[in-house]
Amino acid sequence: MKDIFACKIINGNAMKEINEISTKELRHNWTKEELLEIYERPLLELVYEAATVHHTWHKANEVQLSTLLSVKTGGCPEDCSYCGQAARYHTDIQVQSLLSTATVLAHARQAKDNGASRFCMAAAWREVRDNRDFDRIIEMVKGVNEIGLEVCCTLGMLTEQQAIRLKEAGLHAYNHNLDTSEEYYEEIISTRKFDQRIGTINHARQAGLTVCSGGIIGLGETHADRMAMLRTLANMEQHPESVPINALARVKGTPLENNPKVALWDMVRMIATARIVMPASMVRLSAGRLEMTETEQAWCFMAGANSIFTGERETLLVTPNPSIVDDRIMLENLGLKPMKRTN
Ligand code: SAM
Ligand code: DTB
Ligand code: SF4
């Protein structure tokens, strides 16, 4: 009896400690050591803590459904070694110039009918140019906003003026991933610098857009690189409102096509750490879901992921993604429901 009582007190104290962690204010001064210590905790302890933080800050039975559409595909001048859309690699993708506004809006309506609350338009551009294509993107942003979806764009580098134009058209979020750590960056991309990524994120912020920024694991980086990337995000003056965590989608013809598949527990640890250090943000389980079972994805939701890309096209940009039917079944099985718009 005495032992059981003692055990209860110990559990009570442990719970109190976790609750203190999870109700603390947002922090912006994480050290690499702290992040690595979190990431390397015993797995179940880590997931338990991340789940506690998740439950404290969010409705843990809700998942944001975001539909991704590639509005301009392939032919990109950059050399991102993971990307199937870089013109210099010989991949099997179908190059597609900028879609018409009508086509994009038809996809957006379909996405809304399928229960999505967010619509993300992606272009294989190095940067936005002030030309007619950008005028068309502005039209698309207006149209998607009128349909009643939270609009996100990912168009490459951006000036503050361009970000302001997007904001005025009704854009909600700008996606610009760090992709990897500052230290590992030049191993993966040589045609731009890590600082330029930060510059674009700052331009989006200054224009009043929300920021969606995360990265990819499985590029050959170390665990310390992963934590360095998360630290850059977590120590921003304002945390990105959404943090996509992608497992490398291995595209034939790219320099990383033969990289090993990302281990599930690495994905779980990455999501859990992101959840703990940026508790108020949406953490998106992004590329890599098709190679995961429902059970494996459930671990990611348990670890604090609360957003996915889904849609009737069954693709991300150029690689496959689970079907909307399979996703519905999964959400049903896990007792998760689609989140309503956040704004
Ligand atoms: N061209 C723009 C840019 O790079 O910012 C926007 C589109 S780009 C495809 C958006 C993001 O998708 C990249 O920053 C990267 O994080 C992710 N991505 C691209 N290819 C990927 C792959 N093969 N596996 C996982 N994530 C990938
Ligand atoms: C993000 O973080 N992941 C998405 C979205 N933002 C643009 C893209 C994933 C791409 C996966 C590989 C492909 O289909 O090209
Ligand atoms: Fe171009 Fe973006 Fe792909 Fe890099 S990630 S090659 S910038 S489309």
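Q: Buried means under 20% relative accessible area, exposed over 50%, and partly exposed in between. How does Glu314 count on that scale?

A: Keep in mind that this is a predicted model. Take the relative accessibility and see which side of the cut-offs it falls on. Glu314 comes out at 39%, so it counts as partly exposed.

Q: Where does Glu314 lie?

A: Glu314 belongs to the loop between β9 (307–309) and α12 (324–334).

Q: And what should I look for in the phi of Glu314?

A: Start with the sign. Most residues other than glycine have a negative phi. Glu314 goes the other way: its phi is positive, near 60°, and it isn't a glycine.

Q: What is the phi of Asp179?

A: Here's another one for your list. Asp179 isn't a glycine either, yet its phi is positive, about 75°. You'll find Asp179 in the loop between β4 (173–175) and α7 (185–188).

Q: Does Asp179 count as buried or exposed?

A: Use the cut-off again: under 20% is buried. Asp179 has just 3% relative accessibility, so it is buried. Hang on to that residue, as Asp179 is also among those that come nearest to ligand 1.

Q: Let's go there, then. How many residues are around ligand 1, and which come nearest?

A: A good way to read a binding site is to list the shell, then pick out the polar contacts. Ligand 1 has 16 residues around it, and those that come nearest are Tyr82, Asn177, Asp179, Arg197 and Ala249. By type, that shell has nine nonpolar residues, five polar and two charged.

Q: Which atom of ligand 1 pairs with the side chain of Asn177?

A: For a polar contact, look for N or O atoms within 3.5 Å of each other. An oxygen atom of ligand 1 has an N or O atom of the Asn177 side chain 2.8 Å away. The backbone joins in too: a nitrogen atom of ligand 1 is 3.0 Å from a backbone N or O atom of Tyr82, and a nitrogen atom of the ligand is 2.9 Å from a polar backbone atom of Ala249.

Q: How much of the accessible area of ligand 1 does the protein cover?

A: Compare the ligand on its own with the ligand in place. On its own, ligand 1 has 540 Å² of accessible area, and the protein covers 90% of that. As for its location, ligand 1 sits in the largest cavity.

Q: Which residues are around ligand 2?

A: Go through the shell in the same manner. It includes Leu68, Thr154, Asn175, Asn177, Asn246, Phe309, Leu317 and Thr319. You've already met Asn177, which has the contact with ligand 1 described above. The shell of ligand 2 divides into seven nonpolar residues, five polar and no charged ones.

Q: What lies 2.8 Å from an oxygen atom of ligand 2?

A: Check side chains and backbone separately. A polar side-chain atom of Asn246 is at that distance from a ligand oxygen. An N or O atom in the side chain of Thr319 is also 2.8 Å from an oxygen atom of ligand 2. From the backbone, a polar atom of Leu317 lies 2.9 Å from a ligand oxygen. The protein covers 88% of the 410 Å² of accessible area that ligand 2 has on its own. Ligand 2 sits in the largest cavity.

Q: How do the residues of the shell around ligand 3 divide?

A: Sort them by type: seven are nonpolar, none polar and two charged. Among the residues around ligand 3 are Cys76, Cys80, Cys83, Glu78, Arg192 and Trp125. Tyr82 is there as well, and that's the residue whose backbone contacts ligand 1. The space that ligand 3 takes up is the largest cavity.

Q: Away from the ligands, where is the place of Glu237?

A: Glu237 is in the loop between α9 (223–234) and β7 (242–247). Its relative accessible area is 81%, so Glu237 is exposed. Sequence distance and spatial distance are separate things to check: Glu237 and Arg27 are 210 residues apart along the chain, with their C-alpha atoms 9.4 Å apart.

Q: In which helix is Ile38 found?

A: Ile38 is in α2 (residues 32–39), and Tyr39 is in α2 too. Ile38 has a relative accessible area of 5%, so it is buried. Tyr39 is at 2% relative accessibility, so it counts as buried as well. Tyr39 and Val268 are 229 residues apart along the chain, and their C-alpha atoms are 9.5 Å apart. For Ile38 and Lys340, 302 residues apart in the chain, the C-alpha separation is 31 Å.

Technical notes
Residues are numbered from 1 along each chain as its sequence is written. Chains are lettered from A and ligands numbered from 1 in the order in which they are written. This is a predicted model: local features need pLDDT of at least 70, side-chain atom pairs count only at pLDDT 80 or more; totals for chains, interfaces and linings use all residues. Side-chain values use heavy atoms; hydrogens and water are left out. A residue is near a molecule or strand if one of its heavy atoms lies within 4 Å of it. A polar contact is a pair of N or O atoms within 3.5 Å; within protein, one must be able to donate a hydrogen and the other to accept it, and residues adjacent in sequence count only if both atoms are side-chain atoms. Accessible areas come from the Shrake-Rupley method with a 1.4 Å probe; for residues, only the protein chains shown count as cover. On a 1 Å grid over the protein atoms alone, a cavity is a set of points where a 1.4 Å probe fits but cannot get out, and a pocket is an open set with protein on both sides within 12 Å along at least five of seven lines; lining residues have an atom within 4 Å of a point. A molecule sits in a cavity or pocket if more than half of its atoms lie within 2 Å of its grid points. Ala, Val, Leu, Ile, Met, Phe, Trp, Tyr, Cys and Pro count as nonpolar, Asp, Glu, Lys and Arg as charged, and the others, Gly among them, as polar. Helices (H or I, at least four residues) and strands (E, at least two) are DSSP runs, numbered from the N terminus. Buried means under 20% relative accessible area, exposed over 50%, partly exposed in between (1.4 Å probe, protein chains only).
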